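Please open the model in your viewer and keep the selection tool at hand. The tour below goes from one selection to the next and says what is found at each stop.

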Amino acid sequence: MLVSMEQMEYAALLDDLTHAKSYMHALRADRDDLVPVCSRAPGYVEPTLTISSWPQDASTLVIEASAATGKSALARALAADLKWPLVNGHTMQVGVYSIQGLITSAAGFDNAPMKAVVDGVSGLIIDALDEAQLRAGQDNFLSCLNDLKEIYRQSSGPQGVRVIALARRDCAEVICNFLEGEGVPFGRATLDFFSLDKAREFVEKVVEHDKKGRRYAKVPTPFTSPYKELLDHRLAEAAQSLIGEQADVSVDWAQLKGMLGYPPVLSALAPLVAVPNPSTAGRLTANGRAGVLLAICSSILDREARKVRDSLLAQLKAKVPAQLDLGSLEQIYSPQEQIFRLAERSLNTPMYEALPAGLPGAVREEYERKVQEFFDDHPFYQEGGFASLVFEDYIKASLAILDPDDLMLLGEVQQKTARPGPFFGRFLSIIPRSGESNESEEDGSDEDLPRSIIMNVMDSLLLERDWLSAYDDLLFADIGSNGSFLEVDSKTGDHLRVQFGSGDQPVALPSELRDCMLSIDGQAVIPATGHMRFGPRVMIAADSIDMRGATLEVRANARTAVILLSNQVAADTLKRVSGDPDGLKIISAAYSPILHRHVVRIEPGLTHIPFDSFMDLRAILRNFRSSVASGQACHADKMDLLIVRGRTGRQAILSALIERGAVVRDGQIYRLELSRLGSLGFGLNDLQHEPSQAVLAFLASVQQGGK
């Protein structure tokens, strides 16, 4: 037998259990708490287990597994291959002698089945003991475990495992502690995430199974080469989103398998691979670094909604009185409902109204009871928290963009979206929002986010650089009075845009800043009252800067200096500045005395061009499309109502382009005159990367009223 953290394939596990391989033919088959004869789940992919310990005389093997990792599918496969009955912890009644009583009840007055277990002729698979524990309470559950002790004490025949118990980690710990305390030898194993090869096999089996429901009827299985290549491409995209552009799926699988070897994630990848023409499938990362992760999260929520509706909808409809509207039933377990339920459980954010709203009272109680069974195994949820930091940030970003009506349903949303992870900022910029227009990739949402969340976005983007080890990248942010937030990856040109509400309130910044350049139209505040840490490579340009901390640690030198550029830099509460004196440079006419030694002078005459202005120019020009009749053209209503949409900066740019003849209004069409645009010194290709000097000169003239 194996001892001390060794890997074991499923086939090897079966080989070690074949001492007892016999059906209990005397058991009744009309119960939902005990299944005498099982079959494998369709398309089952055999897993790998990690064996923590397995002594020769173990009578019980405890297998722990997180939610949605295939615990119940493993139980079914073991029961089918070993010909052992399956005890269902979802429905078994837990109490004194419950296992023995369950077998006796299913066998009538015949004790032969239980004797077969004791004698080592057969065995038992017990699934979902954690759910039995939850329903029974600790005392009744420990009484139930007495049956495991009695099976060991009364056992005869060959040594070997007679009972396999499957549970989540917390419950498995309780079982193991009980058995150890009672002197019962036991083995312990953990269900692993899939290896890369098994992950590929799992996706293929998901598509093959769904073909029977005609979802992917035209997709060949086994996969042909184009589909295999697309699957590897999707895995590579996800890997790069998770650990950086340098990711190699084969080399880095140990680091990636917690996400990409997770069955629900692989199920979500299936529709991203099972496309009509895999050779022309585009990159999901066209929507930013988190594009593929957004697609996975959305697919999981959609899949969970279908699963619940397929299972419950017909039952619920049959119980609703004829005169009541059935429309609300079609909305059960929607993605938004799942997000709210996850927020309530994992973030302790109370829901003030039961969802879905309008569900008939005749089925509300039954719906809540049955949906809880699905929710306990939600792929996003794991043992009191989230199964992945990706899922946590997705939920927090989804909460942050709620419209005011939805906010009424939840409490403490702002507090719960604080302390985001490295994916929060990216998700916030690309998750579709209510009322959002898809007319232009540059056009933001109709609803602006609160400015108070700017600090959370910056925290997330700085964490992202640590997470991806992107230490050579700088965070460029331009926060204008109109509320835009922009970030540019200095290597790839990948940009992120989040629209915040306009206003004069200060922009709060994190107390720790590094590798960033921030341009703020208004006041910047570092609200932390304790320790502040800046550097290396930090520049803040703002109308005024107010540092409210007691100490400032400068982690920079003259080459990687922290630069504060402002009309006024206040640090009234600052008591001490530590670090290299040359690492902090203050460029300001007014400053607190403690900063005097760090003040430097520069020549006047520089013009500040907000990066937001460049993105506005880009949004306007990139919406011109080639047409036979009008050349490069854009419909006037689209430009005026969707792109410019009353924004002062965009209106000024469009007016300047018209004044210079680069854009001409022709009835209901705006036409772009490429030759006149060229006379300004730039063209459409100049908008793909960082702004050229000609672009900056044009924007400066717009900013200065045409001068």
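**A tour by selection**

Begin with R555, which counts as partly exposed at a relative accessibility of 43%, and bear in mind throughout that this is a predicted model. Add E553 to the selection, and the two side chains can be seen to meet in a salt bridge, at 2.9 Å from N to O. If you then add E512, R514 and R533, you have a network in which these residues, E553 and R555 are linked by salt bridges. The structure as a whole holds 38 salt bridges, and two others are worth a stop.

Select R169 and E64, whose salt bridge has its closest N and O atoms 3.4 Å apart. Because R169 belongs to helix α7 (residues 169-181) and E64 to strand β4 (residues 60-64), this pair ties together parts that are 105 residues apart in sequence. The two ends differ in their surroundings, for R169 is partly exposed with a relative accessible area of 36%, while E64 is buried at 9%. Next select R465 and E464, which form a salt bridge with the closest N and O atoms 3.7 Å apart; both R465 and E464 are buried.

Now turn to the sheet, to which strand β4 belongs, and colour its eight strands, which make an open, mixed sheet in the order β1-β3-β8-β4-β7-β6-β5-β2. Which strands stand at the edges? They are β1 (6-9) and β2 (34-35), and since each has a single partner strand, one side of each is left without a neighbour in the sheet. Zoom in on β1 and strand β3 (residues 48-53), which run antiparallel and are joined by four bridges; within this pairing, E6 has I51 of β3 as its bridge partner.

For the aromatic rings, of which the structure holds eleven pairs, select F193 and Y262, an edge-to-face pair with 6.1 Å from centre to centre and 80° between the planes. F193 lies in the loop between β8 (186-191) and α8 (196-211), and Y262 in the loop between α10 (253-260) and α11 (263-273), so the pair ties together parts that are 69 residues apart in sequence. Of these two, F193 is partly exposed at 29% relative accessibility, whereas Y262 is buried at 3%. As a contrast in geometry, select F223 and Y227, which are stacked, with 5.8 Å between the centres and 25° between the planes; F223 is buried at 5% relative accessibility, and Y227 is buried, also with a value of 5%.

Return to F193 and Y262 and extend the selection to F380, F391, Y394 and F427, since ring pairs link these residues into a cluster. Two rings with a charge over them can be visited as well: the charged end of R345 sits over the ring of Y381, 4.8 Å from its centre, and R665 lies over the face of Y670, at 5.1 Å from the ring centre.

Finish in the interior, where the largest nonpolar core has 124 residues, and where L260, Y394, F427, F485 and M547 touch the most other members. Helix α12 (residues 291-319) gives the most to this core, with twelve residues. Centre the view on L260 and, leaving aside residues up to four places away in sequence, you will find it touching A199, L235, A238, A239, L242, W253, V265 and L266. Another core of 29 residues lies apart from the largest one, and C38, L61, L78 and A189 are among its members.

How values were computed:
Residues are numbered from 1 along each chain as its sequence is written. This is a predicted model: local features need pLDDT of at least 70, side-chain atom pairs count only at pLDDT 80 or more; totals for chains, interfaces and linings use all residues. Side-chain values use heavy atoms; hydrogens and water are left out. Rings of Phe, Tyr and Trp (its six-membered ring) pair if their centres lie within 6.5 Å; planes under 30 degrees apart count as stacked, over 60 as edge-to-face and the rest as tilted. Helices (H or I, at least four residues) and strands (E, at least two) are DSSP runs, numbered from the N terminus. Buried means under 20% relative accessible area, exposed over 50%, partly exposed in between (1.4 Å probe, protein chains only). A charge sits over a ring if NZ of Lys or CZ of Arg is within 6 Å of the ring centre and within 35 degrees of the ring normal. A nonpolar core is a set of buried Ala, Val, Leu, Ile, Met, Phe, Trp, Tyr and Cys residues joined through side-chain atoms within 4.5 Å. Contact means heavy atoms within 4.5 Å. Two strands pair if DSSP finds at least two bridges between them. A salt bridge is a side-chain nitrogen of Lys or Arg within 4 Å of a carboxyl oxygen of Asp or Glu.
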